[in-house]
Amino acid sequence: MAVDLSKMLEKRREVLGKDDKFLAKFDDTEFWIVAQELAPRSHRERLAEIQADVEDEVLTPFEGEDAVIEQYLGDQSDDFRTMCDEANVDPFEALNMALSEHNKEVRRNPTQRSSRNTRRR
C-alpha cells in the first residue's frame with residue numbers, strides 16, 4: 001500500500017484551517033503560528049541562520065529569540081511580545097509552549113477535523 005503524501009498534506013491543511021499555520025489564543029487574541037510540519041524548507045533554513053548568527057555572536061541570544069518569534073508569528077510578533085510582557089511571561093517560552101502543544105496534538109490526532117471555531121474566518 002502506497003502512502004499518499006498529497007492527501008496527507010491536504011488533510012493537515014484542512015485540520016489547521018489555514019495553509020501552514022495553527023491558531024493559538026492568548027486571552028481573547030488569536031495568533032497564527034507557523035506549523036512546522038507544513039512550513040517550507042525556507043522556514044527551517046531561516047531558523048538555522050538565526051541559530052548560526054547567535055553561535056557566531058552576530059546576534060545576542062535575546063535578539064535570536066526575537067528573530068525566531070518573528071519567523072513563527074510574522075506581523076503578529078509585536079502584539080504577541082506585548083501580551084507576554086503584560087502577562088509577565090517570556091515570549092520565547094510562550095511560543096515554545098504553543099509549538100509543543102501543537103506538536104502533541106498532531107501526534108495525538110493528525111487528521112482530526114477542525115471545528116468552525118478554530119477555522120480562520
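So, is aspartate 66 buried, partly exposed or exposed? Partly exposed: its relative accessible area is 31%. Hold on to that residue, since we'll come back to it. One thing before I go on: what you have above is a predicted model.

Okay, the overall picture. The protein chain has five helices and two strands. Reading from the N terminus, the order of elements is α-β-β-α-α-α-α. There are 121 residues in the protein chain, and 31% of them count as buried. The accessible surface is about 8,400 Å², with 46% of that belonging to carbon and sulfur atoms. If you like contact maps: take the contacts with a separation of 6 or more, and 55% of them are between residues 24 or more positions apart.

Now the inside. In soluble globular proteins, nonpolar side chains tend to be buried together. Here the largest nonpolar core has 23 residues. The ones that touch the most other members are Phe22, Ile33, Val68, Tyr72, Leu73, Phe80 and Leu95. And which elements give two or more residues to this core? That would be strands S1 (21–26) and S2 (29–34), plus helices H2 (41–55), H3 (61–73), H4 and H5 (91–108).

Phenylalanine 80 is a good one to click on. Leaving out residues up to four places away in sequence, phenylalanine 80 touches Phe26, Phe31, Ile69, Leu73, Pro91, Ala94 and Leu95.

Staying with H4, look at serine 77. Helix H4 covers residues 77–86, and serine 77 is in it. Buried or exposed? Serine 77 counts as buried, because its relative accessible area is 2%. A polar atom of the serine 77 side chain lies 3.5 Å from the backbone oxygen of isoleucine 69. Setting aside neighbours within four places in sequence, serine 77 is in contact with Ile69 and Glu70.

That brings in the charges. How many salt bridges do we get? The count comes to six. Let me start with one inside a single helix: arginine 46 with glutamate 49, where the closest N and O atoms are 3.4 Å apart. Both residues lie in helix H2, three residues apart, so about one turn of the helix. Arginine 46 is partly exposed at 30% relative accessibility, and glutamate 49 is also partly exposed, at 44%.

Back to aspartate 66, as promised. The side chains of aspartate 66 and arginine 81 meet in a salt bridge, 3.8 Å from N to O. Aspartate 66 is in helix H3 and arginine 81 in helix H4, so this pair ties together parts that are 15 residues apart in sequence. Arginine 81 has a second partner: its side chain also meets that of glutamate 70 in a salt bridge, 3.4 Å from N to O. Glutamate 70 is in helix H3 and arginine 81 in helix H4, so here the parts tied together are eleven residues apart in sequence.

As for accessibility, arginine 81 counts as buried at 13%, while glutamate 70 is partly exposed, with a relative accessible area of 42%. Add Asp78 and you have a network of salt bridges linking Asp66, Glu70, Asp78 and Arg81.

Next, a bit of backbone geometry. Most residues other than glycine have a negative phi, and most peptide bonds are trans. Two residues to check against that are aspartate 27 and glutamate 57. Aspartate 27 has a positive phi, near 55°, and lies in the loop between S1 and S2. For glutamate 57, phi is near 65°, again a positive value in a residue other than glycine; glutamate 57 lies in the loop between H2 and H3. And where do they stand on accessibility? Aspartate 27 is exposed at 63% relative accessible area, and glutamate 57 is exposed at 72%.

Last stop, the N-terminal end. Val3, Leu5, Met8 and Leu9 form a nonpolar patch on the surface, and together they have about 390 Å² of accessible area. Leucine 5 is in helix H1, which covers residues 5–16. Why does leucine 5 count as exposed? Because its relative accessible area is 54%, and the cut-off for exposed is over 50%.

That's my tour. Happy to rotate the model for anyone who wants another look.

How values were computed: Residues are numbered from 1 along each chain as its sequence is written. This is a predicted model: local features need pLDDT of at least 70, side-chain atom pairs count only at pLDDT 80 or more; totals for chains, interfaces and linings use all residues. Side-chain values use heavy atoms; hydrogens and water are left out. Patches are made of residues with over 30% relative accessible area and no salt bridge: like charges are joined within 9 Å, nonpolar side chains (Val, Leu, Ile, Met, Phe, Trp, Tyr) within 5 Å. Accessible areas come from the Shrake-Rupley method with a 1.4 Å probe; for residues, only the protein chains shown count as cover. A salt bridge is a side-chain nitrogen of Lys or Arg within 4 Å of a carboxyl oxygen of Asp or Glu. Helices (H or I, at least four residues) and strands (E, at least two) are DSSP runs, numbered from the N terminus. Buried means under 20% relative accessible area, exposed over 50%, partly exposed in between (1.4 Å probe, protein chains only). Contact means heavy atoms within 4.5 Å. A polar contact is a pair of N or O atoms within 3.5 Å; within protein, one must be able to donate a hydrogen and the other to accept it, and residues adjacent in sequence count only if both atoms are side-chain atoms. A nonpolar core is a set of buried Ala, Val, Leu, Ile, Met, Phe, Trp, Tyr and Cys residues joined through side-chain atoms within 4.5 Å.
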